Each structure stands twice: as structure tokens, then as C-alpha cells.
Amino acid sequence: MLRTTGLGDGGQEYHGQELLSIGQVSERTGVARSALHYYEEIGLIASTRTAGNQRRYARHLLRRISLIAVGSKLGIPLSDIKRALAPVPMEKVPTETDWLRATEGWKNVLEARRRAIEELEDRLMGCIGCGCLSMQACSLLNPEDQLAREGAGARRLETPGVDEEEAK
């Protein structure tokens, strides 16, 4: 048995097969070790440390890490993923109720992305149909180049009502 003090478990004892090394987690999830380190750094996952200071991950975190990887591949910001997974505990095996609460968060994130994509599609179709092909001169979507006053970047892609700092 390995005694650990991470994950807020107060020194709970784990049987060796319940904790995985970073290499095992990386192999099982397909997530690079450097990404696992980063996820841990920003609070998406947690590990425990052995007496030799090696990371060990609870087996139940495999599902969480896989969901993070899928969300990332879909382009969902890690801050949104973190918010959606907030109801799922890291310090113990999540219950079905924990996952159901997280599902609601995921639905909200995915629905917001779906709306943003549909809005972008509508706007692009309008621009293509217009023929001007200029976001600076477009009298419909950007009269008098008003977006330039808001700063550089893809202003039309930002989700309304989402604080820029919050989106990071």
C-alpha cells in the first residue's frame, strides 16, 4: 500500500492498483505528460506524491482526463471545461449524481458553442451573398468600421455576455 496526502484525502491509503503513474495515465488517455502537468497546474486534475516525489493519479481521474482531452480537441477553452467539471470531485470516486451535475454544465458549454457556430455561419452566408467581401467596408455587419474601435482580433467570434478575462 501507498500512503498519500494529495487530493485532500487526509492521508488515505490506496492499494497500488488504484493509483497510476503519469506514464500509465498518459498511455491510457493519449494525453502527453506535459499536458497532464499543465492540467494539474491549472487545477483541472490533481495528483498525489510518493515518498520519492513521483506523481500518482487516482484511477477514477482517467474519465475526467479523457473528457478534458475531447473538449480540447473540440476547441473548448480549458476554463470552460474546468467550470463544467467543477461538480465532479477529484479527491474521491465521483458518483452518478456528480456526473449528472457535470453533464448539465457540459450541455450549457456545448449549447453556447453551437449557437456561436450557427451565428457565424449565418453571418458568413450573409457576407458571401452580399458580395462586398470586406469586413471594413461592410455596411451591414460593420458600418463605418465600428469593430476597429473595439481593438484587434476576431471581434465577431466572441460570445456575447462572456467576460474576456473569464473566457481565458
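Leaving aside its neighbours within four places in sequence, which residues is tyrosine 39 in contact with? Keep that one in mind while we walk through this predicted model.

**Stop 1: the sheet**

Select strand 3 (19–21), strand 5 (55–58) and strand 4 (48–49). Together they make an open sheet of three strands in the order 3-5-4, paired antiparallel. Strand 3 and strand 4 are the edge strands, and each of them pairs on one side only.

Now zoom in on strand 3 and strand 5, which are joined by three bridges. Click leucine 19, and you'll find alanine 58 of strand 5 opposite.

Next, look at strand 4 and strand 5, where the antiparallel pairing has two bridges. Here threonine 48 has arginine 56 as its bridge partner, and arginine 49 faces arginine 55. These two strands form a hairpin, with five residues between them. Pick out asparagine 53 in the turn: its phi is positive, about 65°.

**Stop 2: a helix across the strands**

Add helix 1 (residues 22–29) to your selection. Helix 1 lies across strand 3 and strand 5, and runs at about 90° to strand 3.

**Stop 3: two helices meet**

Bring in helix 2 (residues 33–41). Packed helices are described by the angle between their axes and the distance between those axes. For helix 1 and helix 2, the angle is about 105° and the axes are 9 Å apart. That angle makes the two helices roughly perpendicular.

Show the side chains where they touch: Ile22, Gly23, Val25 and Ser26 come from helix 1, while Arg33, Leu36 and His37 come from helix 2. This contact is a mix of three nonpolar residues, three polar ones and one charged.

**Stop 4: the core**

Keep Leu36 selected and add Tyr39: these two have the most contacts inside the largest nonpolar core, a set of 28 residues. In soluble globular proteins, nonpolar side chains tend to be buried together. Several elements give two or more residues to this core, including strand 3, strand 5, helix 1 and helix 2. Now color helix 3 (61–73), helix 4 (78–85) and helix 5 (96–130), which are also on that list. Helix 3 gives the largest share, five residues.

**Last stop: back to tyrosine 39**

Time to settle the opening question. Setting aside neighbours within four places in sequence, tyrosine 39 is in contact with Val31, Leu44, Ile45, Ile68, Ser72 and Leu78. Show them as sticks and turn the view around tyrosine 39 to see each one.

Conventions. Residues are numbered from 1 along each chain as its sequence is written. This is a predicted model: local features need pLDDT of at least 70, side-chain atom pairs count only at pLDDT 80 or more; totals for chains, interfaces and linings use all residues. Side-chain values use heavy atoms; hydrogens and water are left out. Axes are lines fitted to C-alpha atoms, for helices over the stretch in contact, and angles run from 0 to 180 degrees between N-to-C directions. Helices (H or I, at least four residues) and strands (E, at least two) are DSSP runs, numbered from the N terminus. Angles under 35 degrees count as roughly parallel, over 145 as roughly antiparallel, 65 to 115 as roughly perpendicular and the rest as oblique. Contact means heavy atoms within 4.5 Å. Ala, Val, Leu, Ile, Met, Phe, Trp, Tyr, Cys and Pro count as nonpolar, Asp, Glu, Lys and Arg as charged, and the others, Gly among them, as polar. A nonpolar core is a set of buried Ala, Val, Leu, Ile, Met, Phe, Trp, Tyr and Cys residues joined through side-chain atoms within 4.5 Å. Buried means under 20% relative accessible area, exposed over 50%, partly exposed in between (1.4 Å probe, protein chains only). Two strands pair if DSSP finds at least two bridges between them.
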